[in-house]
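Biologist: I should like to learn how to read a structural model step by step. May we begin with a region that a database record describes, and then turn to the chains themselves?

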Amino acid sequence: MALSFSSDLLTPMLAVHPEASELLGDGVLGFITNSVLVALCVLGLVFLFSKKATTNMTLVPHKAQNLFEFLVEFLYNRVESIVGPKQVKLAFPLLGTLFIYILVSNWFGLIPGVGTIGFGPSTGALSVTSSDHAFHPILRPPTADLNATLALAVSAFLVWFVLTIKEVGVWGFIVHTFGPKGGLKGFMGLVVGAVFLFVGVIEIVSIVLRPMTLSVRLYGNIFAGESVLHTLGGLLDKAGQPWSMIGSVLIPFPFYFMELLVGLLQAIVFTLLCSVYIQLSTTHDDHGHEEGDHH
Amino acid sequence: MDLLSPMFGKLTPVLGAGAVDEIVNKFGLDFPKFIAQVIIFVLVYTILKKFAFGPILSMLEQRRQRIADGEAKLEKIARDLAEAEKNAKAVLDKANDDASRLIKEAGDSAKSLAEKRQQEAIHEANQIIAKSREAAKLEHEQLLSQLKREFGRMVSDATSRVTGKVLNSDDQSRINQETSAQVSL
């Protein structure tokens, strides 16, 4: 059954445009979008802070070192408890980077002005109406751009694939996915083999869909948060001043705390799911069956 | 966008070919933008791996090792302390035993010495007493002989005065002998 989508149906529901806006036109530099700009800011922040944290490191840590050590140690222990002491050395750099990058990106979107100053239907002296009905922010968190979340998910998928093949080999992966378990012989063995073959096909489909599920989940949550904050901020736009200004500050205010939590939660979910995927495909026991994507 | 379409093309059986293109267009999926994000993520990964995870994990390992060493040293110190306490107790016990023995020996020695001194004192006192007695006896005898002589002289003197006769030395000697024989003290 094919579902039908219509941009006319979708657009009025969305306060913020679902697509990242190109900052330098759609030519050769068309890839420079508002989310790429923020991603570069996040990159700079991560670089500055990690450099500060690891410069002049001492056994008795200074403040920045202490915070980063806490973060890294916490993540390392969580990842190690999932993927095991052998895989953690290979998988941790990716998983730690995913967590920090997603968390900083998500929270970057909550800085006043990010995601709220831009072009679109609004009121006020500085308003510039865009060509469509949606709002185009000047700064957009990378995790509110499907290109960025897909980039994260595909990177994680590639690393997962390399770690899996390195650990169990191609044949091991095929046996792990399609091979019958339980050691039944005869007619029941054939039946169980057929069932596991079918389960393996489902598993392959779920594995292939992982980058999409991961990326769409993260994008959906953060983009929805951006839209909620923007919509609530403009709820009293038509009431005139000073209500418009007061409403734009007070109404979305409680939701910023919720978005702080959502930002952290999504970073944890993304990282933990990647860890679990790695753990499931790199364990050698008979019990390590993935039960598909439940999200 | 065209390069990303195959990835989302897997949804074609569910959504239909047009719907997939619609989603790709609607959410602005574009290959250059996608690659730009991948590159940025790889850069973040490289930076964190080089400047954060490497040094911090190394520092954590160094600190863990230091703590483990400290714990080992602490255990060794505790063991040494227990051993030292044990040795100190043994030394103290030995010293106590020695002290008790020495005190007992000193007591015995003192007692023996006191007895010896007492015996010596008694002996010395007896000697002094004996000497005193001897001296007293000698003095007594001297006094007695002196008294006898004096008494004899007095008798001779009295005899000569009563008789009016000058006594010669034989007379005096005979009177003295008789007087001495008569006087028994």
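Modeller: Certainly. For chain B, UniProt lists residues 60-105 under "coiled-coil region", in an unreviewed entry. Please keep in mind throughout that the model before us is predicted.

Biologist: What are the helix and strand percentages of residues 60-105 of chain B in the model?

Modeller: A label from a record is best set beside the coordinates. Residues 60-105 of chain B are 100% helix and 0% strand, and the end C-alpha atoms of this span are 65 Å apart. The unreviewed UniProt entry also gives residues 34-57 of chain B as "transmembrane region". That span, too, is 100% helix and 0% strand, with its end C-alpha atoms 31 Å apart.

Biologist: How many helices and strands does chain B have as a whole?

Modeller: Chain B has 5 helices and 0 strands, in the order α-α-α-α-α along the sequence. Of its 185 residues, 10% count as buried. One may also ask how far apart in sequence the contacting residues are. In chain B, of the contacts with a separation of 6 or more, 44% are between residues 24 or more positions apart.

Biologist: How does one describe chain A in these terms?

Modeller: The same kinds of description apply. Chain A has 7 helices and 2 strands, and its elements run α-α-α-β-β-α-α-α-α from the N terminus. Buried residues account for 38% of its 295 residues. Among its contacts between residues at least 6 apart in sequence, 69% join residues at least 24 apart.

Biologist: Which residues of chain A does UniProt list as "transmembrane region"?

Modeller: The unreviewed entry lists residues 28-49, 90-111, 150-175, 187-209 and 255-278 of chain A. Two of these spans may serve as examples. Residues 187-209 of chain A are 100% helix and 0% strand, with end C-alpha atoms 33 Å apart. Residues 28-49 of chain A are 73% helix and 0% strand, and their end C-alpha atoms lie 32 Å apart.

Biologist: How can one recognise a helix that is not straight?

Modeller: One compares the distance between its ends with the span expected of a straight helix. α3(A) has 46 residues, and a straight helix would reach 68 Å at 1.5 Å a residue, yet its end C-alpha atoms are only 22 Å apart. The helix bends by about 120° at G84(A), and a proline, P85(A), follows within four residues. α4(A) gives a second case: its 33 residues span only 32 Å between end C-alpha atoms, short of the 48 Å for a straight helix. Here a kink of about 90° is centred on V168(A).

Biologist: Where should one look for the interior, and which residues of the largest nonpolar core touch the most other members?

Modeller: In soluble globular proteins, nonpolar side chains tend to be buried together. In this model, the largest nonpolar core has 63 residues, of which L98(A), I102(A) and A156(A) touch the most other members. Elements of both chains give two or more residues to this core, including α2, α5 and α7 of chain A and α4 of chain B. α3(A) gives the most, with 19 residues. Apart from its neighbours within four places in sequence, A156(A) is in contact with L94(A), L98(A), L214(A) and C274(A).

Biologist: How many residues of each chain take part in the contacts between chains A and B?

Modeller: An interface can be read by counting residues on each side. Here 35 residues of chain B are in contact with 46 residues of chain A. On the chain B side, α3 and α4 of chain B each supply at least two residues, and the largest share, 24 residues, comes from α4(B). That side comprises 24 nonpolar, 3 polar and 8 charged residues.

Biologist: May we close with single residues in loops? Is T33(A) buried or exposed?

Modeller: One counts the C-beta atoms around the residue. T33(A), in the loop between α1 and α2 of chain A, is buried because 26 other C-beta atoms lie within 10 Å. Setting aside neighbours within four places in sequence, its contacts include A20(A), D145(A) and, from the other chain, K33(B). By contrast, N56(A) lies in the loop between α2 and α3 of chain A and is exposed, with 7 other C-beta atoms within 10 Å. Its phi is near 55°, a positive value in a residue other than glycine.

Technical notes: Residues are numbered from 1 along each chain as its sequence is written. Chains are lettered from A and ligands numbered from 1 in the order in which they are written. This is a predicted model: local features need pLDDT of at least 70, side-chain atom pairs count only at pLDDT 80 or more; totals for chains, interfaces and linings use all residues. A nonpolar core is a set of buried Ala, Val, Leu, Ile, Met, Phe, Trp, Tyr and Cys residues joined through C-beta atoms within 7 Å. A residue is buried if 20 or more other C-beta atoms lie within 10 Å of its own, exposed if 12 or fewer, and partly exposed in between; C-beta atoms are placed from the backbone. Two residues are in contact if their C-beta atoms, placed from the backbone, lie within 7 Å. The expected span of a helix is 1.5 Å times one less than its number of residues. The bend at a residue is the angle between axes fitted to the seven residues ending there and the seven starting there. Ala, Val, Leu, Ile, Met, Phe, Trp, Tyr, Cys and Pro count as nonpolar, Asp, Glu, Lys and Arg as charged, and the others, Gly among them, as polar. UniProt positions are given in the numbering used here, feature names are shortened, and annotations may be inferred rather than shown by experiment.
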